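Hi everyone, thanks for coming. I'd like to walk you through a structure that is new to most of you, so please have a look at the screen.

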Amino acid sequence: MDKSFAYNLKLARLRCGFTQQDMSDRLNINRTTYTKWETAKSLPSIENIKMLVKILDISYDYLFSEANRKEGEKYI
């Protein structure tokens, strides 16, 4: 499972000040499903990835990059 994706998703959510419940409500999914994405237990569908990028105002590159660890130190 892609741990970079999970880390970046959590980082982007925290930067926006959203809770996991906020995200699941916006995506119209169960919070448990969303939590699995942030813990690298599953990956979202392409449609959900498109929605994540829009909701979090990030690029696809950011979401899948391995270079966000340094930035994340102040959030996570």
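Let me start with what I mean by an element: helices here are DSSP runs of H or I with at least four residues, strands are runs of E with at least two, and both are numbered from the N terminus. With that in hand, reading from the N terminus, the elements of this chain go α-α-α-α-α-α. That makes 6 helices and 0 strands. Please keep in mind that this is a predicted model.

A few overall values next. The chain has 76 residues, and 38% of them count as buried. Its accessible surface is about 4700 Å², and carbon and sulfur atoms contribute 48% of that. If we take the contacts with a separation of 6 or more, 65% of them join residues that are 24 or more positions apart.

Now to the packing of helices. Two packed helices are described by the angle between their axes and the distance between the axes. Let's do that for two pairs.

The first pair I'll show is helix 1 with helix 3. Their axes are 7 Å apart, and the packing angle is about 120 degrees. Which residues of these helices meet? On the helix 1 side we have Phe5, Ala6, Leu9, Lys10 and Arg13, and on the helix 3 side Tyr34, Trp37 and Glu38. Sorted by class, that contact holds 5 nonpolar residues and 3 charged ones, with no polar residue.

One of those residues deserves a closer look, and that is Arg13. Arg13 sits in helix 1, which covers residues 3–16. Is Arg13 buried or exposed? Its relative accessibility is 7%, and the cut-off for buried is under 20%, so Arg13 counts as buried. What does Arg13 touch, once we leave aside neighbours within four places in sequence? The list is Phe18, Thr19, Gln20, Met23, Tyr34, Glu38 and Leu56. Two names there, Tyr34 and Glu38, have already come up on the helix 3 side of the contact.

While we're on helix 3, find Lys36, which belongs to that helix. Lys36 has a relative accessibility of 39%, so it counts as partly exposed. Beyond residues up to four places away in sequence, Lys36 touches Lys41 and Ser42. From Lys36 to Ala6 the C-alpha distance is 8.7 Å, with their positions 30 residues apart in sequence.

On to the second pair, helix 2 and helix 4. Helix 2 spans residues 20–27 and helix 4 spans residues 46–56; their axes come within 11 Å and cross at roughly 120 degrees. Angles from 65 to 115 degrees count as roughly perpendicular and those over 145 as roughly antiparallel, so these two helices are oblique to each other. The crossing of helix 2 past helix 4 is right-handed. Helix 2 brings Met23, Arg26 and Leu27 to the contact, while helix 4 brings Asn48, Met51, Leu52, Ile55 and Leu56. By class, that gives 6 nonpolar residues, 1 polar and 1 charged. You may recognise Met23 and Leu56, which are both among the contacts of Arg13.

Let's finish with the loops. Most residues other than glycine have a negative phi, and most peptide bonds are trans. Against that background, I'd like to point out two residues.

One is Ala40, in the loop between helix 3 and helix 4. Ala40 is not a glycine, and its phi is positive, near 60 degrees. Its relative accessible area is 14%, so Ala40 is buried. In that loop you'll also find Leu43, which is partly exposed with a relative accessible area of 46%. Leu43 and Thr33 are 10 residues apart along the chain, and their C-alpha atoms are separated by 9.2 Å.

The other is Asp57, in the loop between helix 4 and helix 5, the latter being residues 60–64. Asp57 has a positive phi of about 55 degrees, again without being a glycine. Is Asp57 buried or exposed? Its relative accessibility is 70%, so Asp57 counts as exposed.

Last stop: Glu66, in the loop between helix 5 and helix 6, where helix 6 is residues 69–72. Glu66 is exposed, at 68% relative accessible area. Along the chain Glu66 is 59 residues from Tyr7, and their C-alpha atoms are 9.1 Å apart.

That's my tour. Thanks for listening!

Key
Residues numbered from 1 in each chain as written. Predicted model: local features only at pLDDT ≥ 70, side-chain atom pairs only at ≥ 80, totals over all residues. Heavy atoms only, no water. Axes fitted to C-alpha atoms, helices over the stretch in contact; angles between N-to-C directions. Parallel < 35°, antiparallel > 145°, perpendicular 65-115°, else oblique. Left-handed = near helix turned anticlockwise from the far one by under 90°. Contact = heavy atoms within 4.5 Å. Nonpolar A, V, L, I, M, F, W, Y, C, P; charged D, E, K, R; others polar. Buried < 20%, exposed > 50% of the residue type's maximum accessible area, 1.4 Å probe, protein only. Areas by Shrake-Rupley, 256 points an atom, 1.4 Å probe, with all protein chains shown as cover.
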